[in-house]
Structures are given as C-alpha cells and as structure tokens.
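Okay, thanks everyone. I'd like to talk through the charged residues today, so let's get the picture up on the screen.

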Amino acid sequence: MSEILIKNASVCDPAQGINCEAMDLCIRDGKIVESVSENAKVIDAGGRLAMAGGFDGHTHSAGKINVGRFINPNDARKNLVPGLSGQVARTEKTRAQVGYNTPNTYAIGYRYAKLGYTTICEAAIPLLAARHTHEEFKEIPILDKMGLSLFGSNWQVMEYIRDKEPEKLAAYIAWGLKASRGYGVKIVNPGGGEAWGWGKNVSGLYDPVPNFDVTPAEILMGLAEANERLQLPHSVHVHCNNLGKPGNYATTIETMKMFEKVKPSRDRQSLHVTHVQFNAYAGTSWRDFETGAPMVSDYVNGADHLTFDLGQVIFGPAVTMTADGPVEYANSRMLHEKWSNQDVELEDASGVVPLFYSPKSFVNAVQWAIGLELALLVKDPWKVMFTTDSPNGGSFVNYPEAFTYLMSAKKREQVISGFSQMALDRMVLPGIDRELDFYELAVMTRSTQSKIYSMPEKGNLKVGSDADIAIYDLIPGQVDPSAEHEKVKKAFSGTAYTLKDGEIVVKDGEIEATPKGRVYWVNAKVPETVDTAMQKDIDFKFKKYYTVSKSNYMVEDAYLTKPVEIDTEGVF
Amino acid sequence: MQVVKLSLKKANKIPIEADNVNPDNFAGKTKEEIEAILVWYGNGQCPLGDLFNVEVEGSDSVENTKIVIEGDVSRVKRIGQDMSAGEIEINGNVDMHCGSNMRGGKITINGDADSWLGCEMKGGEITLNGNAAYYVGSGYRGESCGMRGGKITVNGDVKDYLGEHMCGGEILVKGNAGLLPAISNNGGTITIEGSATMPASEMKSGTVIIKGETSDLLPSYKEDGTEEVDGITYRKFVGDVNAGGKGVLLIK
C-alpha cells in the first residue's frame, strides 16, 4: 500500500467546481481517497497550482505519425522548443529522444508527461493498420492511451447503410472496435476516402459516393445511429467534409445541424466535431479567404448537443497527416511539398504532407486566428477541447505557448502586430478581449475530455478517480497570466510534479519514472444472431477482396499493455 | 596568431565525433582548456586530450586561429562543423561531415574526404586536395536546401550525388563526378572539369557546367542554343522540365 499526501495545493478541478482553492490531496494505491494515514509520503505543493493530469483528446501520436517520421528524417534534428524537442541523449531513466513534430515514441511519452498530460487519444486508427498503432502504443511510456477507429469510408459500412440494415451495421461497428481494440467511431470526410480511390472527392453532405449510392449525410446518420445503439462511451468523432476549403464553414454548420435530431444514449454530446479551425473558413477562394469562426461559434453557442476541438495552428513547421486523402493531394500540389498517399484497401485513404505555417502568409495568419476565435467566441468552455490536432496544426510541445494566447490578450497583440493589414481585415480576433483563467483552461484541457469520452476516472480529482495529477510552478493569485505570460508558459512547459497513478513521473521538469500506461478499448455486446449474420458478410469481403485473412486481421490481447476493456450493452 | 596542432595518440576504430573541433571553440584557449573539450567517442563523451596530442602556440581571436591536424583522421567525423572563421588544415584523410554547416573561414584537406563534405555549408571555403566520396555540399536527409553559400574546390574525383539540393554557393570539381551530380538543386553553380553521368536531374534553378564527357543526358532537358563561358562555347540546355525548372546545364 503506497500513500501520498499532497499538502497545500491550489486545486483547480472544474468537475467539482473547485476554482483554485487551497486543499490537500490524498492518494492511496494510485487512486484519490478521502484521507491517508500519517505514514503517507508528503509532497508540499507550497500553494502551487494543481490540476488533474491533462488529457489530449485528439492527437496523432501512434500509427500514421510513423509515415511522417520516414518522409521527414530532418525532423529528428529540429529543436524549436528547447527541452521539449530535438535530440536528447539517453539517461539512466530515459531513452534517447529525437524530433519535434514526429518525435520517437519514447519522446512522446516523456514530453506529454512534462507538460502535465497523462492520457492521450490517438485520433485515427485504420482497422487494417491497428496492429501497428498498438505496437507504437506499447512503446509510449507513462501515458494512458486509447484510439478512435475509422469507419467513414468503409465498404461494409456503406453497404449496410445503403441496404438499410442498421442492426448489422451496429454489429459491424462493435466487431471493428474489437478487431482494432479501438475506443470510438472516427469519421473522416465521410465517403471522401472511397471517392479518392477513384481520384475524386465528395463535395458536400449530399454528393453520392461513387459506386455505393450513399451520401455523406447518410453515412453520418447511419453511424451515429449505430454509435447510440451500442451505447458507446464517446459520440461519433467527425472530421467534416470539405476540410481546408474556403467557404467550408457552411458544410460544418450543416453537419452540426443534422445531428440535432440524434438522441444520445448516454449523458454526453451526440456529436464531436474535430479540428474545427480547418473547417471554419469563409470566402470562395484563397483570394477572398476569411474567418468563418463567428458563424460557427454563433451556432455552437445556441446548440447543446455537440462539442468540438480547436486544431489550433502554431507558426513554424508542422506535418499534416489525415485519412482525408484528397486534402493531402491538394496540399502537396499547392505547396510543392513531399507527399505520402495510401490506400487502406476496403476502408479509407490516408496522406501525409509536411508544411510550414508562416505569420507572413495572410492565409496562415488567419488560420492561426480562427482557432483562437473559436475558443474565445464560444461562451461555454465545456463545449471546447483544446488541441492543435498535433502535429497537423503544430506539435503538442507548443501547448504552453498556445495557452498563453488563450490567457493573455497582450500576448495575442504581440503576435498580431506582425500580421499584414490584409490578414487583419479577414479576422475578428483583434476585437476579442476575453482572457481565459486557470479554471477555464482546466475545463478545455481536462474536464471536457473526461465528459465527452465518458471517462469519470480521468480529468478530475474526485475521490475514486485515478491519481493523475499535475502541479505547476505557479501560485494562483500571485501571478497575472495576462501580463506575466512568459512565466505561465514556462510553468506549463515543465511541471513541478506530474503524478501518474500516484507515482511521481516528473519532478521539476525532469522525468523521474517511466511506468507503462494502460490501453482502453470498448467491447460492445451484440446479440449472437445479428453477429453471425454480419460475420457472413465480412467473411465474403475477406475472401474476395482483402489481402489479409480475418484471423490475421484482429488485434490480439498480446498487442496490448495493461488493457482496460470497457463493456457496453447494445440495444437491439 | 594562434596555432593548435592535433594528432591522434593512436588510430581509432570507433568513430570520434569532433563537432567541437573548430576555431570558434579553440580561440584564446590554453592547451589544458582545449584538452578538456568534450567529444563523442562511440556512445560516450570523453575529453579531447585523451584521444589527441595537443600543442598550442600563441593565443588569438577566432579569425586568427589555425588548427593543424597531422596524420590520418579517417575515423574522425564533423571536423570544422559550424565554424565561422579561422582556418583548419588536415594533413591526412578525413571522415564524414567535414565542414558541415560551415559559415566562414577556410578548411584545407591534404588527403581524401569521406561523404557529406561541406554539407549545408553557408559560407567559407573548403579545398580538398584528394578525392571525395558521396554527397559533397548536399543537404541532410529530408532537407530541401543543402549548400547555400561559400565555395568547395575538389582537386580530385567525387562520387555520386554531388551538390544534392544545393541552393547557393559554388562547387568546382577538377576530376570526374559520379552519378546524378546536382540532383534537385535550386541555385548555385557547379563546375565539373571531368566527366559526369545523368547530371542535374530535377534541377529547379542554378547553373551546371560540365567540361568533360556527359553520359546519359536526361531527356527532360530542352536545348537552347549555345553559351560561352571563359572563352569556351558550350551547348546550352534548360530544365529540368519535369520539375518546372529553369536551371542551365552547359555541356560540350
């Protein structure tokens, strides 16, 4: 039995409505408890800010990131955020680290932990490549991990939707989550991945997918219905159609509106829209491109069925990686950049393109502003999850920098002062003076995640929750984040302490221990008769089309370190 | 004037990464201070004095510091990396990455050089009195810009991929070049006095002059009259058309 007492912490825990109050935290055997014995090891927080461990709800940290690694060998030596990037020799406690946007697996674990993050959600697992994702999960130390499985351009999904077989569809989703050991349903440019197989794309919600006679709208509704039928812990996680195109805010709002009629089967949202920054563009071309954030946030402010994340842009080099194949083709042609393109057999497409966000480019400057406008114009922080869609908008090691944009209007002014007049005319950010406090920041980086993924033991400090805790070298009340943004950035760049399951993993910004994290996955129960009928259909697919057999396709338990199976009961 | 003489105490099999061996790090330092400078030896670091005999004469600024390396250092990498001024003279063969990311000053090598000589160099001058291996003046893996400035003169032959991704500066090869010299370059001038094979593929801009024989000229070049350089008339080609390039390739 191990006990820790964190004394005199300034606790910020929005799940309990606690806003920077002086408190003690008690930990026994990796969980938060009411009280501990006097033998407990004492950590004196000295009035410093304590939050639950951070939770990155949308990051590309295992799987496709590997393609980014091998088309950008030069990333290994980039060191734009000293201490959190570049080449670091191994020590007694840590393995060698390299990279910035696409660091090696060990560096991902260490660097998230230094930022006070303890849980990450990999945003895209192609079913066929799930084994690889889990092999990388295995080598990411410290963090708890989970991943979302891709279903948006899957042949079997589209056939069941076309043939109006919702029960079999739900059974297929349940099987797909099991096959990939995934946590939820990710939909990327619904139908677009399949169209890309023919060198095409879908242009909107009602544009039929070639050869399948279904529309993106039908795919979204079909998958949402299956998602709720299976009572999955997370809602569908949607990357909207038309990503990265001027004028796409209309498609985004249309998609959001369509979900008003979806009734969630659990106490959570019915739709999560991801990296909305890339989907909140107004204008008709790159010439008259401007922000669409006011329209999107207006809609979100009046709706309560959805949540979203930012996809904030960070100036400097980034690597875009997505299942949205046609977008990556467009990026590579427009920017004359390296391009990786993949066809995931019957399931989806995928692409990787490195790029550079420059404050001198008016398009990039406006993109940078849109992410912040979304965060600041949406009134309720519980609808917002902070992300950079790492490394699409920029590497996660820049989170502390991005937090200062949210917390300090002065800091924003500093950045904005370098923009061209043309960029300023296309954004509304200079007129926004809202500054987030620690409480709202904690909501966007921890509490929202806990709620939208239905993970009550994460992202909060309630009794019974996992003892994942970050203590930052800041004393609330004595620091003014608006003026002292450099101090805030420094504190968020390396915690005073990060605890994972009650173990000190980071102390004074240095790694102390590297325990293995868990992998969460969802096992949804489906009636045997429905499952058997569905298996017949996929057996046919494996015989006729797949290059692998079904027995070689499933991720077995041997691939998972410390697996946590979350069971749900499907309603049939 | 400060002169620092280095010679290996004994030949090494495990490579030494001597990225700290440059005038910027040696200027104004005593023998003891230079001996204490750390270099990577295999997977660990050790003081320079453990591996090299060090002699120091005088003490002066970076510009007036000269490092003389005697003997074969063909397992010592990165000599002169990042140097901004001063001079290095190497009387023997040298390992990879010599003069990489160099910004100024002068390196003279009286021997052969291994691959990546002067890669991503931004200024200064390298003279090689011997042959070089692959990737002279090129960019590191994955980079889009290799050499950006300065001059490399090779008084011998070079192997493949000379000046890959070069964006500026000048390379002169008095001997022959191997396969694909000037691949993907985007600026700068390369002159090869000997022969070359498949030159300037994917060139976007820049000039390549081949005085000797050219084998396997790529079909993605358009002939565009003749041009005279230093009294010699060359056939002029423009391309690489595949990359939408406007580079100039002059051959006999």
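So, which residue does A:Asp466 form a salt bridge with? Before I answer, keep in mind that this is a predicted model. Right, the partner is A:Arg518, and the closest N and O atoms sit 3.6 Å apart. Now look at where the two come from. A:Asp466 is in the loop between H15 and strand S19, and A:Arg518 is in the loop between strand S22 and strand S23 of chain A, so this pair ties together parts that are 52 residues apart in sequence.

Are these two buried or exposed? A:Asp466 is buried, at a relative accessible area of 3%. A:Arg518 counts as buried too, with 16% relative accessibility. And the pair isn't on its own: both belong to a network of salt bridges that also includes A:Lys31, A:Asp144, A:Lys458, A:Asp468, A:Lys500 and A:Asp501. Over all chains, the count comes to 43 salt bridges.

Here's another one in chain A. A:Lys525 and A:Asp567 meet through their side chains in a salt bridge, 3.3 Å from N to O. This pair also links distant parts of the chain, with A:Lys525 in strand S23 and A:Asp567 in strand S24, 42 residues apart. As for accessibility, A:Lys525 is partly exposed at 35% relative accessible area, and A:Asp567 counts as partly exposed at 46%.

Over to chain B for a moment. There, B:Asp224 forms a salt bridge with B:Lys236, with 3.9 Å between the closest N and O atoms. B:Asp224 is in strand S17 and B:Lys236 in strand S18 of chain B, so the parts being tied together are twelve residues apart in sequence. B:Asp224 counts as partly exposed, at 42% relative accessibility, while B:Lys236 is buried at 17%.

Now for a charged residue without a salt bridge. A:Arg446 lies in helix H15 of chain A, which runs over residues 438-452. How far away is the nearest side chain of opposite charge? That would be A:Asp13, at 7.9 Å, and A:Arg446 is buried yet has no salt bridge. What A:Arg446 does have is a polar contact of 2.8 Å, side chain to side chain, with A:Tyr472. If we leave out residues up to four places away in sequence, A:Arg446 touches A:Met51, A:Ala52, A:Gly53, A:Gly54, A:Gly116, A:Gly459, A:Ala470 and A:Tyr472.

Last stop, the place where the two chains meet. Six residues of chain A are in contact with seven residues of chain B. Between them the chains bury about 500 Å², 44% of it on carbon and sulfur atoms. Which three residues supply 73% of the area that chain A buries against chain B? They're A:Pro73, A:Asn74 and A:Arg77, and that's more than any other three residues supply.

A:Arg77 comes up again here. A:Arg77 forms a salt bridge with B:Glu120, with the closest N and O atoms 2.7 Å apart. The count of salt bridges between chain A and chain B is two, and five residue pairs are in polar contact across the two chains. By class, the side of chain A that touches chain B has two nonpolar, one polar and three charged residues.

That's my tour. Happy to rotate the model if anyone wants another look.

Methods: Residues numbered from 1 in each chain as written. Chains lettered and ligands numbered in written order. Predicted model: local features only at pLDDT ≥ 70, side-chain atom pairs only at ≥ 80, totals over all residues. Heavy atoms only, no water. Contact = heavy atoms within 4.5 Å. Buried area = accessible area lost by both parts, 1.4 Å probe. Salt bridge = Lys/Arg side-chain N within 4 Å of Asp/Glu carboxyl O. Polar contact = N/O pair within 3.5 Å; in protein donor to acceptor, adjacent residues only side chain to side chain. Nonpolar A, V, L, I, M, F, W, Y, C, P; charged D, E, K, R; others polar. Helix = DSSP H or I, 4+ residues; strand = E, 2+ residues; numbered from the N terminus. Buried < 20%, exposed > 50% of the residue type's maximum accessible area, 1.4 Å probe, protein only. Lys, Arg positive; Asp, Glu negative; His and termini not counted.
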